Amino acid sequence: VKADQSFDDIRVSKVTWDSSFCAVNPKFLAVIVESSGGGAFLVLPLSQVGRVDKNYPLVVGHSGPVLDIDWCPHNDNILASCSEDTTAMVWQIPDHTPSRPISEPIVVLEGHSKRVGIIRWHPTARNILLTAGSDNLIIVWNVGTGEPLMTMDDHPDLIYNVSWNYNGSLFCTTCKDRRLRVCDPRKNEVVAERLSPHEGIRPMRAIFTKEGNIFTTGFTRMSQRELGLWDPTNFEEPIALLELDTSNGVLLPFYDPDTNIMYLSGKGDSSIRYFEITEEPPYVHYISTFSSKEPQRGMGFMPKRGVDVSKCEIARLYKLHERKCEPIMMTVPRKVSTYSLLRDDLYPDTAGPEPALEPEEWIDGRDADPILVSMRDGYIPPKSRELKVAKKNVLDTRPATRRSMSVIDGSSLPLLEKLVEEIQNLKATVLSQEKRICDLENKLSKYTNGTV
């Protein structure tokens with residue numbers, strides 16, 4: 001895009017972790033940024049291009065660096081994050097620009113004992129979220145209640161990545177023990193595994209295709225980067241195996257299930273390669289490479305709902321530089337006259353924002369493909385919808401104590417009333433101080449912007 005269509009002056013995080021540092025949906029761009037005293041990320045409306053004000057409010061709730069972020073596929077205002085502080089958090093992002101930093105998550109998910117480096121929403125079931133941590137555990141949560149549904153401890157070493165399949169019945173993982181695993185979360189078991197799909201010891205990545213095959217990126221024994229396509233029902237031989245080049249950067253795969261195109265972006269590379277996956281040999285077809293001068297620190301991939309149909313755009317990636325984020329649009333050159341006739345092969349119905357299953361249905365063993373929406377006239381994101389969290393009362397699950405209720409007798413009531421009154425007074429003081437801080441911040445920003 002032109003220079004004025006980029007997002008400038010973003011201090012992208014320098015934390016050493018192989019996540020994409022960026023997440024995007026049809027409404028917002030989210031980028032993990034450098035911040036002192038904990039972890040933070042920046043959320044911008046897509047329309048707010050240009051230079052980002054250095055005082056723009058961040059999302060600040062984690063006490064350690066943020067390692068991964070992921071937008072909810074069923075609500076464009078809900079974002080999940082995970083951090084070195086061992087927690088995952090779910091956030092409601094308002095449609096309007098917040099006046100101060102967002103510091104209150106809707107729900108905090110605590111279950112890992114070490115840093116949490118991977119977070120992934122379920123593709124078809126409402127409120128189901130997966131986290132993976134350096135304690136080698138995978139936990140699947142019901143965000144609607146804030147409770148873990150299952151915990152998997154089958155991995156003996158660090159988990160590199162996790163990918164759900166098209167309908168969310170299985171997920172695949174890559175691990176430091178050099179194994180590729182296919183897991184069934186509801187049975188809490190590994191249903192297939194393959195040792196060393198790539199012979200090198202450097203990190204691998206794996207992602208499910210729409211047909212149920214697994215696409216992997218890794219390294220050969222001679223440290224050459226390599227791609228593989230595997231059938232999880234027959235892991236003996238790969239469907240395809242391609243050597244690429246010699247480079248240190250881990251290849252992050254981004255997949256479009258509608259066109260079956262895989263975009264590969266290496267950290268530290270200045271190019272994006274893309275391949276089409278088909279059912280005919282050689283199965284993985286090289287298409288082309290997008291090259292630029294600047295190396296990429298991370299990459300975000302827009303869901304199909306967010307592309308511009310009128311420009312024949314089939315994919316949009318958001319490339320992170322050291323101090324900015326640049327949209328890269330992949331378009332298919334077609335004449336307008338033939339475009340209306342050939343639109344259906346470019347834009348088959350794509351996964352929409354409505355979940356196909358409720359959490360209880362998925363837990364009970366039901367599977368469903370995503371509910372599709374037409375892209376004939378493009379997609380308009382709906383207004384913000386609030387995520388309801390119905391936490392169970394922790395007191396209900398605890399054994400009753402032996403102390404009698406009669407200990408709260410009449411003499412304790414004046415003390416309780418006094419405590420309640422003091423709490424209310426403190427709340428009122430805090431609110432007035434917050435308003436004062438907000439006013440002072442607004443004044444300060446006017447001075448720094450030179451408007452006063």
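Biologist: What do the side chains of Glu 199 and Arg 221 form?

Modeller: A salt bridge, at 3.5 Å from N to O; the term means a side-chain nitrogen of Lys or Arg within 4 Å of a carboxyl oxygen of Asp or Glu. Glu 199 is in the loop between strand 18 (189–195) and strand 19 (205–208), and Arg 221 in the loop between strand 20 (214–219) and strand 21 (224–230), so the pair ties together parts 22 residues apart in sequence. Strands here are DSSP runs (E, at least two residues), numbered from the N terminus.

Biologist: Is this model predicted, and how are residues numbered?

Modeller: This is a predicted model, where local features need pLDDT of at least 70 and side-chain atom pairs count only at pLDDT 80 or more, while totals for chains, interfaces and linings use all residues. Residues are numbered from 1 along each chain as its sequence is written, and side-chain values use heavy atoms, leaving out hydrogens and water.

Biologist: Back to Arg 221: buried or exposed?

Modeller: Arg 221 is exposed, with a relative accessible area of 64%, whereas Glu 199 is partly exposed at 42%. Buried means under 20% relative accessible area, exposed over 50%, and partly exposed in between (1.4 Å probe, protein chains only).

Biologist: What about Asp 245 and Arg 225?

Modeller: Their side chains meet in a salt bridge at 2.9 Å, N to O. Asp 245 is buried at 18% relative accessibility, and Arg 225 is buried at 1%.

Biologist: How many salt bridges are there in the whole structure?

Modeller: A search finds 20. Asp 177, Arg 179, Arg 181 and Glu 193 are linked in a network of them.

Conventions: Helix = DSSP H or I, 4+ residues; strand = E, 2+ residues; numbered from the N terminus.
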